[in-house]
Amino acid sequence: MRDSPLRTLVVENSKVQCNIIARFVRNHDHLMLVATSSNAIDANRILKNHKIDLILLDIEMPCIDGFSLLESMDQKIEVIIISGNSDYALKAFDYDVTDFLLKPLNNDRFENAVKKVLKKQSYKGNIIDEDIEFLIVRSNMKNKSINIKEIKWVEALGDYIKIITDKEKVIALSTMKSISDKLPKDRFLRIHRSYIVNLNKVEKFGCKTVEIDEHQIPMSRKQKPKLEFLLEKVNS
């Protein structure tokens with residue numbers, strides 16, 4: 001649970017744009033500007049020497065671009081990409097960024113992007129309900145927040161996934177591994193290469209299937225012992 005500002009790093013090649021983005025950060029109640037950088041090499045040095053919660057990242061930089069910087073990072077940090085090129089948007093979400101903003105930056109879009117970060121960080125205050133955990137996914141070219149407790153199961157759909165909740169079905173751009181890594185390990189289990197289930201929603205199971213709301217979901221035989229163990233923990 002957070003009650004302090006997000007320590008923010010701005011990585012932007014253009015000095016003019018860097019000053020604009022830095023001003024947005026300074027004017028935001030829930031952000032604290034730690035440093036600015038014009039290139040990925042300097043940004044890496046800052047990341048090694050400072051605790052950073054959020055990176056506002058440009059893609060087009062000299063020598064090493066923003067995507068290469070993301071690949072080199074060994075810690076989990078929230079990232080909002082701010083770029084003048086919309087062609088990078090789809091690729092950006094392969095890196096699990098929280099949002100993608102097009103230049104020129106405007107206050108409303110910036111505020112909405114920061115709110116998404118704060119939701120993921122379970123920020124205190126009026127931003128979100130503290131009892132709700134959110135999963136942020138990319139659906140229909142927009143970021144969508146899903147209440148984790150409402151998820152019934154997730155299934156693979158080619159290059160996409162389908163998330164079935166108590167209220168809706170959401171098609172999102174993601175891999176099963178990526179979505180599995182985001183879900184709480186004590187409440188969700190990948191029972192099959194194409195299915196992840198919410199253990200709290202499981203009504204019954206056999207050797208090869210799990211039942212949720214009368215839907216039969218395939219299960220790998222080797223996952224049955226793990227399912228039994230986790231269900232016992234959930235229900236104890």
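# A tour from strand 10 to the cores

Start by selecting Val170, which lies in strand 10 (residues 169-173). The model on screen is a predicted one. Val170 has a relative accessibility of 3%, so this residue counts as buried. Now show what surrounds Val170. Leaving out residues up to four places away in sequence, Val170 touches Val137, Ser139, Lys144, Ile146, Ile161, Lys162 and Ile163. Add Tyr160 to the selection: Tyr160 and Val170 are 10 residues apart in sequence, and their C-alpha atoms are 10 Å apart in space.

**Stop 2: Lys144 and Glu168**

One of the residues touching Val170 is Lys144, so keep Lys144 selected and add Glu168. The side chains of these two residues meet in a salt bridge, at 3.4 Å from N to O. Lys144 belongs to strand 7 (residues 142-147) and Glu168 to the loop between strand 9 and strand 10, so the pair ties together parts that are 24 residues apart in sequence. Lys144 is partly exposed, with a relative accessible area of 27%. Glu168 is partly exposed too, at 34%.

**Stop 3: strand 8 and its partners**

Next, select residues 151-157, which make up strand 8. Is strand 8 largely enclosed by the rest of the structure or largely open? Of its 7 residues, 5 are buried, so strand 8 is largely enclosed.

Add strand 9 (residues 160-165). Strand 8 and strand 9 run antiparallel and are joined by 6 bridges. To see one pairing, pick Ile151, whose bridge partner in strand 9 is Thr165. The two strands form a hairpin with 2 residues between them, where Gly158 takes a positive phi near 65 degrees.

Then add strand 12 (residues 195-198). Strand 12 also runs antiparallel to strand 8, and 3 bridges join the two. Here the pair to pick is Trp153 and Val197, where Val197 in strand 12 stands opposite Trp153.

**Stop 4: the largest nonpolar core**

Clear the selection and choose Leu9, Ile55, Leu57, Leu70 and Ile81. These residues have the most contacts inside the largest nonpolar core, which has 24 residues. Which elements give two or more residues to this core? They are strand 1 (6-11), helix 2 (40-49), strand 3 (54-57), helix 3 (66-72), strand 4 (78-83) and helix 4 (89-92). Helix 2 provides the largest share, 4 residues.

For a view from inside, centre on Leu57. Setting aside neighbours within four places in sequence, Leu57 is in contact with Val11, Gly66, Leu69, Leu70, Val79, Ile80, Ile81 and Ile82. Another core lies apart from the largest one; this other core has 18 residues, including Leu6, Val10, Val25 and Leu54.

**Stop 5: aromatic pairs**

The structure has 3 aromatic pairs. For one of them, select Phe24 and Phe110. Their ring centres are 5.2 Å apart and their planes stand at 55 degrees, so the pair is tilted. Phe24 is in helix 1 (residues 15-26) and Phe110 in helix 5 (residues 107-120), so the pair ties together parts that are 86 residues apart in sequence. Phe24 and Phe110 are both buried.

Now select Phe67 and Tyr95. With ring centres 5.1 Å apart and planes at 20 degrees, this pair is stacked. Phe67 sits in helix 3 and Tyr95 in the loop between helix 4 and strand 5 (99-102), so the pair links distant parts of the chain, 28 residues apart. Phe67 is buried at 3% relative accessible area, whereas Tyr95 is partly exposed at 24%. Add Tyr88 to complete the picture: Phe67, Tyr88 and Tyr95 form one aromatic cluster.

**Stop 6: more salt bridges**

There are 15 salt bridges in total. Select Arg7 and Asp53, whose closest N and O atoms are 3.3 Å apart in one of these bridges. Arg7 is part of strand 1 and Asp53 of the loop between helix 2 and strand 3, so the bridge ties together parts that are 46 residues apart in sequence. Arg7 is partly exposed, at 24% relative accessible area, while Asp53 is buried, at 7%.

For a pair within one element, select Asp42 and Arg45. Their salt bridge has its closest N and O atoms 2.5 Å apart. Both residues lie in helix 2, 3 residues apart, which is about one turn of the helix. Asp42 is partly exposed, with a relative accessible area of 21%, and Arg45 is partly exposed at 46%.

End the tour with Glu12, Asp58 and Lys103 selected together. Salt bridges with shared partners join these residues into one network.

Terms used: Residues numbered from 1 in each chain as written. Predicted model: local features only at pLDDT ≥ 70, side-chain atom pairs only at ≥ 80, totals over all residues. Heavy atoms only, no water. Core = buried A, V, L, I, M, F, W, Y, C linked by side-chain atoms within 4.5 Å. Buried < 20%, exposed > 50% of the residue type's maximum accessible area, 1.4 Å probe, protein only. Contact = heavy atoms within 4.5 Å. Pairing = 2+ DSSP bridges. Phe/Tyr/Trp six-rings, centres within 6.5 Å; stacked < 30°, edge-to-face > 60°. Salt bridge = Lys/Arg side-chain N within 4 Å of Asp/Glu carboxyl O.
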